[in-house]
Amino acid sequence: MIRYAAIAAILALVSCAHYPDVRPGASGQHSVSLAGDDEDELSRQAIRQARDYCKDVHEKSAAIVSEDKKYIGDMDETSYKTAKRAAGAAKALGSAGAVFGGEQERRAGGVVGLGGVIGDVAIGEGYRVTMKFKCQ
């Protein structure tokens, strides 16, 4: 008996993991809102969550009603993109030095890579995508 309860609990947790950002609406119009670095990837994630929600909860398909993409960063958007590219390059360069370099390069690579990670976190998330959808 306990085994079946544990299996049911695991299945419930796994099924919820597909659409953690979906907010069901009383009128049948639901929404999902995500923040991150890449607005195109955020749109793909929102569509995926809407599709999974409609399929799992309503046994229907998702129909997108609207999608709003907005830049939410603290600096101007051009500077944000430049800073994110620089942080990404520092992480990649640091990783390469740490893996492929000699002893000094490994240490320097670790420092550069860590600087890239810190910079990336400090810059923060630049975009918010909010999608409204219905299950049909």
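Read from the N terminus, the elements of the chain follow the order α-β-β-α-β-α-α-β. That gives four helices and four strands in what is a predicted model. Of the 136 residues in the chain, 24% count as buried. Contacts often reach across the sequence: when residues at least 6 apart are considered, 75% of the contacts in the chain join residues at least 24 apart.

The strands come together in one open sheet of four, with antiparallel pairing and the order β1-β2-β4-β3. The edges of this sheet are taken by β1 (22–23) and β3; each has a single partner strand, so one side of each is left without a neighbour in the sheet. At the β1 edge, two bridges join β1 to β2 (residues 29–36), and the two strands run antiparallel. One residue pair to look for here is Val22 with Val32, its bridge partner in β2. Helix α2 packs on the sheet and touches β1, β2, β3 and β4. The direction of α2 makes about 25° with that of β4.

Helix α2 covers residues 39–58, and Ser43 is one of its residues. With a relative accessibility of 7%, Ser43 falls under the 20% limit and therefore counts as buried. The side chain of Ser43 makes a polar contact, at 2.5 Å, with the side chain of Glu67. Leaving aside residues up to four places away in sequence, Ser43 touches Glu67, Lys69, Val129 and Met131. Two of these partners, Val129 and Met131, fall within the 127–135 range of strand β4, while Glu67 and Lys69 fall within the 62–71 range of strand β3.

Further along the same helix, a covalent link appears. The count of disulfides comes to one, and the pair concerned is Cys54 and Cys135, with sulfur atoms 2.0 Å apart. Cys54 belongs to helix α2 and Cys135 to strand β4 (residues 127–135), so the bond ties together parts that are 81 residues apart in sequence. As for handedness, the torsion about the S-S bond is about -75°, which means that the disulfide of Cys54 and Cys135 is left-handed. Both cysteines count as buried: Cys54 has a relative accessibility of 0%, and Cys135 has one of 15%.

Cys135 also has a spatial neighbour of another kind to consider, Glu59. The C-alpha atoms of Glu59 and Cys135 are 8.4 Å apart, although the two residues are separated by 76 residues in sequence. Glu59 sits in the loop between α2 and β3 (62–71). In contrast to the buried Cys135, Glu59 is exposed, with a relative accessible area of 74%.

Aromatic residues offer another view of how the elements meet. A search of the whole structure finds five aromatic pairs. In one of them, the rings of Tyr71 and Tyr127 have centres 5.5 Å apart and planes at 65°, so this pair is edge-to-face. Tyr71 lies in strand β3 and Tyr127 in strand β4, so the pair ties together parts that are 56 residues apart in sequence. Tyr71 is partly exposed, with a relative accessible area of 23%, whereas Tyr127 counts as buried at 3% relative accessibility.

Tyr127 takes part in a further aromatic pair, with Tyr80, which is likewise edge-to-face: the distance is 5.9 Å centre to centre, and the angle between the planes is 80°. This pair links distant parts of the chain, with Tyr80 in helix α3 (residues 77–100), Tyr127 in strand β4 and their positions 47 residues apart. Tyr80 is buried as well, at 2% relative accessibility. Tyr127 in strand β4 thus has aromatic partners in strand β3, through Tyr71, and in helix α3, through Tyr80. Elsewhere among the aromatic residues, Tyr19, Tyr53 and Phe133 form one cluster.

Terms used
Residues numbered from 1 in each chain as written. Predicted model: local features only at pLDDT ≥ 70, side-chain atom pairs only at ≥ 80, totals over all residues. Heavy atoms only, no water. Buried < 20%, exposed > 50% of the residue type's maximum accessible area, 1.4 Å probe, protein only. Polar contact = N/O pair within 3.5 Å; in protein donor to acceptor, adjacent residues only side chain to side chain. Contact = heavy atoms within 4.5 Å. Disulfide = S-S within 2.5 Å. Pairing = 2+ DSSP bridges. Axes fitted to C-alpha atoms, helices over the stretch in contact; angles between N-to-C directions. Phe/Tyr/Trp six-rings, centres within 6.5 Å; stacked < 30°, edge-to-face > 60°.
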